[in-house]
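Dear colleague,

Please find the structure below, handed over for your use. I would be grateful if you could keep it open while reading the notes that come after it.

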There are 2 protein chains.
Amino acid sequence: MSSGESNAYQKLVELSTELQLLKNTQALLGWDQEVLLPKKGVAYRGQQMSWLSGYLHREFTSEKVGDWIAEAESTAATPEENANLREWRHEYDRATKVPVELVQRFAETQVRAKAVWAEAREKSDFSRFAPELQNLIDLSREQAECWGYEGCLYDALLDTYERGMTCERLDETLGGLRDDLVPLVEEACNREPFDQSKLEGDYPVEQQKALNRLIAEDIGFDFEAGRIDTAVHPFCSGMSPFDTRLTTRYDESDFRSSLFGVLHEAGHGMYEQGLREDWHGQPIGQAVSLGIHESQSRLWENQVGRSRAFWEKWLPVAAEHFPHLANLSVDEMFEAVNQASKSFIRVEADEVTYDLHILLRYEMEKEIFAGNLSLQDIPGEWNRRFEEYFGLKVDKDSNGCLQDIHWSMAIFGYFPTYSLGNINAAHLAAAAKADEPGLSSQLEKADYSGLLRWMRKNVHENGSVYLPDDLIQKATGTSADPAHLVAHLRERYL
Amino acid sequence: MSSGESNAYQKLVELSTELQLLKNTQALLGWDQEVLLPKKGVAYRGQQMSWLSGYLHREFTSEKVGDWIAEAESTAATPEENANLREWRHEYDRATKVPVELVQRFAETQVRAKAVWAEAREKSDFSRFAPELQNLIDLSREQAECWGYEGCLYDALLDTYERGMTCERLDETLGGLRDDLVPLVEEACNREPFDQSKLEGDYPVEQQKALNRLIAEDIGFDFEAGRIDTAVHPFCSGMSPFDTRLTTRYDESDFRSSLFGVLHEAGHGMYEQGLREDWHGQPIGQAVSLGIHESQSRLWENQVGRSRAFWEKWLPVAAEHFPHLANLSVDEMFEAVNQASKSFIRVEADEVTYDLHILLRYEMEKEIFAGNLSLQDIPGEWNRRFEEYFGLKVDKDSNGCLQDIHWSMAIFGYFPTYSLGNINAAHLAAAAKADEPGLSSQLEKADYSGLLRWMRKNVHENGSVYLPDDLIQKATGTSADPAHLVAHLRERYL
């Protein structure tokens, strides 16, 4: 790399690091809006966010940046440099190829569509939402055409959330999962349900907070570089490797809701905390994709948090916080957190049935963007598939195709990342155990230091150097393989 | 105003409103740092703050802005336009007249001096701090020379915190106060002290929060446009008229500490909430000075919160939150919150003695910047004056001239605004009662709606249209007059 050329690369690193300061500022503004902002402050907050978005867009899409990228591309040498340039190129092209007029039209339609969707869901009437959904689909197509794609148009949408992902690969991964999952769900849901009344009692919020903190600290979440707060919808927001914030919500009649929220979000949070500080501000210093992010949250929520060993350690501590739990055995607690049952609503689904909800959405989206499914047929098609997978008849649109907010925000191609997360979590957990001789016996003692260390080394510290699929291959030896998830579910539920 | 010229004014309004978005973003970053930020996030937060400061400075000090101001000055017609230009001119000149080299030297010295001060205070040894203090004084002089001033150099420093304030006027206002205050302090502190053990008991934090919120809501703080949180040092931060945040701290053995913190900060907060929304982003849409801001906090903390009528209403409610208070009479509670006693430390001082602490500091600063007091004489001179005013011998520098953080941050000319706040609070309260026939009887019933309405109209809604002294004149008919404060203290304490 000549000195003149390395100069362009260096300028990109500096700009990227500077703009990251503002992205993290935006993250705080957004976090604060969800957690703290007084009601009347919302409109003004919108103006602040929008100013920052505008500034970030202007600075990164200037011609100068395009020149730097082109110059640096011709000389990039190391895997890190190439990965940074891969992501800068991707972001720059996407940001500059779409006409401003389309961006504005899209934004306006999204605002309108979200309101119409809320009303349609309220009335459980898909036909009210259909015209706006059609607009969003048309706009998404138009945008994807500007971006360009190699295989099918839907690949361009997938690539927004999971870099490098294609229908072709997803069909293989998720298709394989479906064949095993449908009978597994049937069997798991037919088991005698656990008598949940055994957990009945008071769970004071302060006690829940204390227990959640103990557990989050024990599994490795760093409270000197993070916090847990309360929000209506649990989420994790990383504002730098030095400031990662989780939220959860509290149900005073059941401590599991806040605890599993914390375990899930702490999984996301430990990924953020494990990113390399010296790369912060560069693309390679960031989490690589939603499917990998979700693998970390699902790992700690499900692989760890619903395991028997976890409750052998933590049930006695939980009983110190909630004395009526002293009557419960570890076997009972294990049962209580591993119950499968069929339901219409994705967000209420358990570990076993969840991915069937996702498969249905993925298949529908693919058909829609392939032009094989017209909008008026969506409710019928949704309900037909739902009955095929779950053996249940959907009673109304609000329990079916109107339940999710995603489509109303033109978020197409996102759903598959949930299942990729589950598949990756099981796959990575299996690989870690195969890789580290002592790990299984550590896990039996609910000691998670080795597991976290393995994830740090094989996932977190790689940031975005490798594309998601390459990362999984590097860490496990093969591409994402749903067999590990199926084996895990079979062992736990059957 | 011709259309071409109004254009320059309009551009200034737009720029000012845009930059206010970023100042408010900075306010949130700062608030979050005090209230929530995890330990390891501090350095990165500093980078974010510094980026915003740099951007704000660059944008506002560009030559273009200087041209707009000059152009608009020649055509400004209304009081509001003139006031905006008065402030833009002041800010622009101050920001552009100081060489960057001096700004940097100053910033570096401040960082060093603060650390040296902390160490010197720890060891109670002023001589360790003296060389750095000398540097800060020299730099402040140098800066004031760049800014320019009419009377004495110290006026330029006063003007930083209280626009238009001069030594000449302060000597009159504060000098008058001193003559009455010294004997009044003596008499008030000689009264039989109240037996504080009557308030002993548990004050759970949650109950304190509930009571504080009831009271803050009742006096008019809008929780749809604000919050109360917890911080080591109570403060109020206004991030827009739609988002004003107070903090307080909790002592589980005494509810007064958090309550008076909330009353004080809510006074600041209601001023912020009362600023005109349609002027937000312009100088006239902002609070005018520290001395006026402090008048609002002192009004609610002292004039209202320590009145007998206040406790006639609120003692029964406090007793619902803290049952052991049911044994206390209103007279006793009134006594309990109105105790005068001499102490070395300003921040622990009561309503009566507080201003003597300020007078001492003001007189010392004035002498220092007039060149009449060399640094090695500061401890002796401090202690001599302290004995003169309080009749107490200062035992060590950490209880004397090393106690305040202000000088270590080169904050000179700030202290007087505390006393101006007390003087203005009593003056405005007296004017409001004289102005509104029914107000006194409302206050007897602890109904504060009329008082707030008067402050809204005569103080808050004027923003920065008038300079502080003009505002007081307009609201009360005369310049700030300490007689009202003296009368108030005499009535309450003697």
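The notes below set out what was found, beginning with conventions and then moving from the chain contact to helices and single residues.

This is a predicted model, in which local features need pLDDT of at least 70 and side-chain atom pairs count only at pLDDT 80 or more, while totals for chains, interfaces and linings use all residues. Residues are numbered from 1 along each chain as its sequence is written, and chains are lettered from A and ligands numbered from 1 in the order in which they are written.

**The contact between the chains**

Chain A and chain B each give 24 residues to the contact, where two residues are in contact if their C-beta atoms, placed from the backbone, lie within 7 Å. On the side of chain B that touches chain A, the elements giving two or more residues are α1 (3-35), α2 (42-60) and β1 (226-230) of chain B. Such helices (H or I, at least four residues) and strands (E, at least two) are DSSP runs, numbered from the N terminus. The largest share of this side, six residues, is that of α1(B). Sorted by class, this side of chain B holds eleven nonpolar, seven polar and six charged residues. Here Ala, Val, Leu, Ile, Met, Phe, Trp, Tyr, Cys and Pro count as nonpolar, Asp, Glu, Lys and Arg as charged, and the others, Gly among them, as polar.

**Helix α8 and its partners**

In chain B, the axes of helix α8 (residues 167-189) and helix α14 (residues 354-370) come within 10 Å and cross at roughly 140 degrees. This angle makes α8(B) oblique to α14(B). Axes are lines fitted to C-alpha atoms, for helices over the stretch in contact, and angles run from 0 to 180 degrees between N-to-C directions. Angles under 35 degrees count as roughly parallel, over 145 as roughly antiparallel, 65 to 115 as roughly perpendicular and the rest as oblique. The crossing of α8(B) and α14(B) is left-handed, a term used if the near helix is turned anticlockwise from the far one by less than a right angle. From α8(B), the residues in this contact are B:C167, B:L170, B:L174, B:L177, B:R178, B:L181 and B:V185, and from α14(B) they are B:D355, B:L356, B:L359, B:Y362 and B:K366. By class, the contact of α8(B) with α14(B) has nine nonpolar, no polar and three charged residues.

α8(B) also packs with helix α20 (residues 483-493) of chain B, at an angle of about 10 degrees and with the axes 11 Å apart. That angle makes α8(B) roughly parallel to α20(B). B:L177, B:D180, B:L184 and B:A188 of α8(B) make this contact with B:L485, B:V486, B:L489, B:R490 and B:Y493 of α20(B). The residues in the contact of α8(B) with α20(B) are seven nonpolar, no polar and two charged.

In chain A, the axes of helix α8 (residues 167-189) and helix α20 (residues 483-493) come within 11 Å and cross at roughly 10 degrees. α8(A) and α20(A) are therefore roughly parallel to each other. A:L177, A:D180, A:L184 and A:A188 in α8(A) meet A:L485, A:V486, A:L489, A:R490 and A:Y493 in α20(A).

**The buried face of α18(A)**

Helix α18 (residues 449-458) of chain A has A:L451, A:L452 and A:M455 buried. Down the axis of α18(A), the buried residues fall within an arc of 95 degrees, so they line one face of the helix; the arc is that of the directions from the helix axis to the C-beta atoms. These buried residues pack against α10 (256-274), α11 (290-304), α16 (416-435) and α17 (439-444) of chain A. A residue is buried if 20 or more other C-beta atoms lie within 10 Å of its own, exposed if 12 or fewer, and partly exposed in between, with C-beta atoms placed from the backbone.

**Single residues**

A:L315 is in helix α12 (residues 308-321) of chain A and counts as partly exposed, with 17 C-beta neighbours inside 10 Å. Not counting residues up to four places away in sequence, A:L315 touches A:L325, A:L328, A:V330 and A:M333.

A:S124, in the loop between α5 (100-123) and α6 (126-147) of chain A, has a phi near 50 degrees, a positive value in a residue other than glycine. B:A446, in the loop between α17 (439-444) and α18 (449-458) of chain B, has a positive phi near 60 degrees.

With kind regards
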